[in-house]
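User: Hi! I would like to go through this structure with you, one question at a time. Could you take a look at it with me?

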Amino acid sequence: MKKQNSETLKYALMLITKKDRTEAELRNRLHRKGFSDTEIDEVVKYLKQNGFIDDTKFIQKAEKLAEDRFLGTMGLKNYLVRKGIDKELIESIPQIDELAIAKKLIQRKLHLIKNNSFNKKKAKIAGYLLRRGFSWETVNKCINDSLGDIESPEDKIFRED
C-alpha cells in the first residue's frame with residue numbers, strides 16, 4: 001500500500017469500525033471525502049482481500065436487519081438495493097419470518113390507533129405493514145390475528161338478530 005493511500009485507508013478503517021458497510025457505501029463515503037478513484041480502488045481492493053468488507057457477509061445478516069428495522073421481504077430487498085448490494089446477491093437472501101416480525105411491529109403500534117374505529121384500524125395497520133415491505137398474505141394474517149379478538153361493529157349487528 002502506497003504512503004499516499006495511508007490516509008485513505010485510515011479513513012476507510014475508521015468508517016468500517018463504526019458500523020458494517022457495503023462496498024458501495026464505503027466507496028461513496030470515500031468519494032465524498034475527496035479521495036481519488038485510484039486511491040479508493042486500491043484501498044477497497046486491499047480491504048476486500050483482507051476480509052474487512054464483504055457484501056456476502058452483509059447479506060447473511062439479512063434476518064437480523066429485517067428484525068431490527070421491522071422490514072418485510074420487499075422492504076429488506078429495497079433497503080439492500082439502497083445500500084448498493086448487487087441484485088444477484090439480494091436474490092440469495094435467506095427466508096425471513098415475516099409474520100413474527102409483523103406481529104412484533106403491530107404490538108408496538110397498536111396503542112397509537114386504539115381510539116379509531118375497527119375498519120380504520122385495519123386500514124392503518126395494513127397500510128403501515130405494506131409500506132414496511134410486507135406481503136399481502138402476511139398483512140392479512142396479521143390483521144386477522146391481531147384484530148380478530150376485537151369485535152367489528154358488523155359482528156355486533158349480526159349477533160343481535
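User: To start with the surface, what is the accessible surface of the protein chain, and what share of it belongs to carbon and sulfur atoms?

Analyst: Happy to help, and please keep in mind that this is a predicted model. The accessible surface of the protein chain comes to about 10500 Å². Of that area, the share of carbon and sulfur atoms is 49%.

User: How many helices and strands does the protein chain have?

Analyst: Read along the sequence, the pattern is α-α-α-α-α-α-α-α-α-α-α. That fits the totals for the protein chain, which are 11 helices and 0 strands.

User: What percentage of the contacts with a separation of 6 or more comes from residues 24 or more positions apart?

Analyst: Let me put burial beside it: of the 161 residues in the protein chain, 37% are buried. As for the contacts with a separation of 6 or more, the part from residues 24 or more positions apart is 62%.

User: Which element has the lowest mean pLDDT?

Analyst: Overall, the protein chain averages a pLDDT of 85, and 88% of the residues score at least 70. Over residues 149-161, though, the pLDDT is below 50, and this stretch has 8 contacts in the model beyond near neighbours in sequence. Among the elements, H2 has the highest mean pLDDT, at 94. The lowest, at 46, belongs to helix H11 (residues 153-160).

User: Which residues form the aromatic pair, and is each of them buried or exposed?

Analyst: A search of the whole structure finds 1 aromatic pair. Its members are Tyr 11 and Phe 35, tilted at 45° between the planes and 6.0 Å centre to centre. The pair links distant parts of the chain, 24 residues apart, with Tyr 11 in helix H1 (residues 6-18) and Phe 35 in the loop between helix H2 (23-33) and helix H3 (37-49). Because the cut-off for buried is under 20% relative accessible area, Tyr 11 at 16% and Phe 35 at 15% both count as buried.

User: Which helix gives the most to the largest nonpolar core?

Analyst: The largest nonpolar core has 26 residues, and those with the most contacts inside it are Leu 76, Leu 80, Leu 129 and Phe 134. At least two residues of this core come from each of helix H4 (55-60), helix H5 (62-69), helix H6 (73-82), helix H8 (98-109), helix H9 (118-131) and helix H10 (136-147). With 4 residues, the helix that gives the most is H8.

User: Leaving aside neighbours within four places in sequence, which residues is Leu 129 in contact with?

Analyst: Leu 129 is one of the residues with the most contacts inside the largest nonpolar core. Beyond four places in sequence, the partners of Leu 129 are Ala 102, Leu 105, Ile 106, Phe 134, Val 139 and Cys 142. Apart from this core lies another, of 13 residues, including Leu 15, Leu 30, Leu 47 and Ile 53.

User: How far apart in space are Ile 16 and Ile 53, C-alpha to C-alpha?

Analyst: Ile 16 is found in helix H1 and is buried, with a relative accessible area of 13%. Leaving aside neighbours within four places in sequence, Ile 16 is in contact with Arg 21, Leu 26, Leu 47, Phe 52 and Ile 53. Ile 16 and Ile 53 are 37 residues apart in sequence, and their C-alpha distance is 7.9 Å.

User: Which backbone oxygen does the side chain of Thr 22 reach?

Analyst: Thr 22 sits in the loop between H1 and H2. Since its relative accessible area is 0%, Thr 22 is buried. Outside the four nearest places in sequence, Thr 22 is in contact with Asp 55, Phe 58, Lys 83 and Ile 85. At 2.5 Å, the backbone oxygen that the side chain of Thr 22 reaches is that of Lys 83.

User: What is the phi of Phe 70?

Analyst: Phe 70 lies in the loop between H5 and H6. With 14% relative accessibility, Phe 70 counts as buried. Although Phe 70 is not a glycine, its phi is positive, at about 50°.

User: Where is Lys 122, and how far apart in space are Lys 122 and Ser 146, C-alpha to C-alpha?

Analyst: The place of Lys 122 is in helix H9. Lys 122 has 33% relative accessibility, so it counts as partly exposed. Lys 122 and Ser 146 are 24 residues apart in sequence, and from C-alpha to C-alpha the distance is 9.6 Å.

Note on methods
Residues are numbered from 1 along each chain as its sequence is written. This is a predicted model: local features need pLDDT of at least 70, side-chain atom pairs count only at pLDDT 80 or more; totals for chains, interfaces and linings use all residues. Side-chain values use heavy atoms; hydrogens and water are left out. Buried means under 20% relative accessible area, exposed over 50%, partly exposed in between (1.4 Å probe, protein chains only). Contact means heavy atoms within 4.5 Å. Accessible areas come from the Shrake-Rupley method with a 1.4 Å probe; for residues, only the protein chains shown count as cover. Rings of Phe, Tyr and Trp (its six-membered ring) pair if their centres lie within 6.5 Å; planes under 30 degrees apart count as stacked, over 60 as edge-to-face and the rest as tilted. A nonpolar core is a set of buried Ala, Val, Leu, Ile, Met, Phe, Trp, Tyr and Cys residues joined through side-chain atoms within 4.5 Å. A polar contact is a pair of N or O atoms within 3.5 Å; within protein, one must be able to donate a hydrogen and the other to accept it, and residues adjacent in sequence count only if both atoms are side-chain atoms. pLDDT is the predictor's confidence in each residue, from 0 to 100.
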